[in-house]
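Let's work through a few exercises on aromatic rings together. Have your viewer ready and try each task before reading its solution.

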Amino acid sequence: MERKIVRTGDGSTTIQLVEWNEQYHSMHGAVQEARHVFLKMGFDFFIEKNPETAQLHILEIGFGTGLNALLTLIHAENAPLVLNYEGVEAYPVSAEELKQLNYLEAIKAERYEGVFNKMHQADWETAATITEKFQLKKRQQTFETVTDQNQHNLIYFDAFGARVQPELWGEAIFLKMYEALKFGGVLVTYAAKGSVRRAMQAVGFEVQRLPGPPGKREMLRGTKGLL
């Protein structure tokens, strides 16, 4: 499938799968989507509800370009907690594609170039210490093969859209996500389709519709039990 680098609405780049007309991030803005969906509605929400958290376990479904991991590391840099971040990706982005992405320039964070490179150079299937407060484990596997049980506080669900991969947005996948979370855990996704919301509710999530990032009216957040 043809892949090309395209510029999004906030100036940051992403990867487009031409045949599907699908992108790794929103064409309205890759960085602003990530900050709204995963940081504001996910990370910040969880910490606000659990201010005594010392270690935060995050599972990302769709590690992709590493943008969400980079933004999370920067966002949490001054917070008094340690992050254990696991990113699941079936088809890793190539080194050549990574060279063409402009995230560090777009967010004026060139000083994190070494950190971003370290993330992508880390071996798969092995936990790597990226900074004193950020441990990363990249897992090359399909989302359907995730079998984590009660391990994570927060899930960034960032799979390709249901239009092109509907099998990733049904009850079977969301049951795996529910089981992967600890009690009180949170899942956030850019998706807002009624079928996705119903699939999440069917496996046990308490689901909220929330304001979406620029270009999307709504998004979804699910919780496992009470926060």
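The exercises below deal with ring pairs, burial and charges over rings in this predicted model.

**Exercise 1.** Classify the pair formed by Phe38 and Tyr156, and say which elements hold the two rings.

*Solution.* Start with the count: the model has 11 aromatic pairs. In the pair of Phe38 and Tyr156, the centres are 5.0 Å apart and the planes make an angle of 45 degrees, so this pair falls in the tilted class, being neither under 30 nor over 60 degrees. Next, place the rings: Phe38 belongs to helix α1 (residues 30–49) and Tyr156 to strand β8 (residues 152–157), so the contact ties together parts 118 residues apart in sequence. Both Phe38 and Tyr156 are buried. Finally, look around them: Phe38 and Tyr156 form one aromatic cluster with Tyr85 and Phe134.

**Exercise 2.** Find the geometry of the pair Tyr103 and Phe116, then decide whether each residue is buried or exposed.

*Solution.* The ring centres of Tyr103 and Phe116 lie 6.4 Å apart with planes at 75 degrees, so the pair is edge-to-face. Tyr103 sits in helix α4 (residues 103–106) and Phe116 in helix α5 (residues 113–121), 13 residues apart. For burial, the cut-off is under 20% relative accessible area. Tyr103 has 1%, so Tyr103 is buried. Phe116 has 7%, so Phe116 is buried too.

**Exercise 3.** Which rings have Arg221 and Lys224 over their faces?

*Solution.* Take Arg221 to begin with: Arg221 lies over the face of Phe45, 3.5 Å from the ring centre. Lys224 lies over the face of Tyr178, at 4.9 Å from the ring centre.

Technical notes:
Residues numbered from 1 in each chain as written. Predicted model: local features only at pLDDT ≥ 70, side-chain atom pairs only at ≥ 80, totals over all residues. Heavy atoms only, no water. Phe/Tyr/Trp six-rings, centres within 6.5 Å; stacked < 30°, edge-to-face > 60°. Helix = DSSP H or I, 4+ residues; strand = E, 2+ residues; numbered from the N terminus. Buried < 20%, exposed > 50% of the residue type's maximum accessible area, 1.4 Å probe, protein only. Lys NZ or Arg CZ within 6 Å of the ring centre and 35° of its normal.
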